[in-house]
Amino acid sequence: MSARNAEIPFWTRDHVKATLPIRQEDGHKGTFGTGLLLAGTRDMPGAALLAALAAMRSGIGKLEIATAPEVAATIVALLPEATYIRDGVQKTAAHSLDLNPYRACAAGPGLPPNETTEKAVAALLASGHSVVLDAGALSKRGYPRRASPTILTPHLREFARITGVSKEELAENRIPLLQASAREWGTAIVLKDHETLIAFPDGEIWKNPTGNSALGKGGTGDTLTGMLLGMLCCHDDWHHAVLNAVYLHGACADEWVRTRSAHTMLAHEITGMLPEVWKQHER
């Protein structure tokens, strides 16, 4: 596919309606998958909460949050449905947390980009599960070739950092650089911007048509990470999970501005809009 922006197809409402999973009437929490979220520190507990709320609203069967004890104590009253693994990032880094029960894992919201985070990411990448990396879990590194997908969710500044390209070069060659990086690393990349692009390692690339300036606020990326985690657990096709999460994330912001100012939306309100917006796109 040509890298010219005009020739990149949109992932449309019709695509979403055709690919959102139909909830099995006889399903149970095991049917819909268990996800692991590595997120949050004492100074950034909200990032874990935002991602976790979004995951729980996005079709997942069960969510386990690997986080600091202070974070668990802070957010458990707001999300009693999740299970909490105290010092779970450190346990993952030390390979002392059994990763076998999980269908998908996500890491990064609220985490510092330090050695412990890097070791935890390496442990996730050594597993056989889908892995979403955001925020503090994004760094300039190589990626192992994996049978299961790896999804990176950088904004433009993070993408410049992890590729080592200048902001000027990125501005001029965003699309070819995105496709080349996805191919080289063997990862999907959700490049968050006013017009988000989603590139897959086989060269496939899509443009997302939803979203608006209401998303320009702290915490909206954490919410997307949680939505990706939840949708990876309940979709059969991981490509559809990624594309639908990005689309519905933006569609929630579009629904918000129908009756409210774009100035006023908070990140957790995306999750609050999701039940209604998801229902609008079901078959």
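This passage looks at two open pockets and two backbone positions in the structure shown above.

The model is predicted, and a good place to begin is with its empty space. Rolling a probe the size of a water molecule over the atoms shows where such space is left. The largest pocket found here holds about 620 Å³. Its lining is made up of 30 residues, and those closest to the centre of the pocket are Lys192, Leu215, Thr220, Gly221 and His249. Three helices each give two or more residues to this lining, namely H6 (156–163), H8 (220–234) and H9 (238–259). Of the elements, H8 contributes the most, with 4 residues. In chemical terms, the lining of the largest pocket comprises 16 polar residues, along with 7 nonpolar and 7 charged ones.

The second largest pocket has a volume of about 450 Å³. Around it stand 24 lining residues, and nearest to its centre lie Pro21, Arg23, Gly59, Cys234 and Trp278. Here at least two lining residues come from H8 and at least two from helix H10 (267–280). The largest share belongs to H10, which supplies 4 residues. The lining of this second pocket divides into 10 nonpolar, 7 polar and 7 charged residues. Helix H8 is thus a useful landmark for a newcomer to the model: it gives 4 residues to the lining of the largest pocket, and it also supplies at least two residues to the lining of the second largest.

Attention can now turn from the pockets to the backbone, where two residues are worth locating. His95 is not a glycine, yet it has a positive phi of about 60 degrees. To find His95, one can follow the chain into the loop that runs between helix H4 (88–93) and strand S4 (104–107). The relative accessible area of His95 is 59%, so this residue counts as exposed, the cut-off being over 50%.

Ala135 likewise has a positive phi, of about 50 degrees, although it is not a glycine either. The loop that holds Ala135 lies between strand S5 (130–133) and strand S6 (150–152). Is Ala135 buried, partly exposed or exposed? With a relative accessibility of 22%, Ala135 is classed as partly exposed, because buried residues are those under 20% and exposed ones those over 50%.

Note on methods. Residues are numbered from 1 along each chain as its sequence is written. This is a predicted model: local features need pLDDT of at least 70, side-chain atom pairs count only at pLDDT 80 or more; totals for chains, interfaces and linings use all residues. Side-chain values use heavy atoms; hydrogens and water are left out. Buried means under 20% relative accessible area, exposed over 50%, partly exposed in between (1.4 Å probe, protein chains only). On a 1 Å grid over the protein atoms alone, a cavity is a set of points where a 1.4 Å probe fits but cannot get out, and a pocket is an open set with protein on both sides within 12 Å along at least five of seven lines; lining residues have an atom within 4 Å of a point. Grid points are joined across faces, edges and corners, and a volume is the space filled by probe spheres set on the points. Ala, Val, Leu, Ile, Met, Phe, Trp, Tyr, Cys and Pro count as nonpolar, Asp, Glu, Lys and Arg as charged, and the others, Gly among them, as polar.
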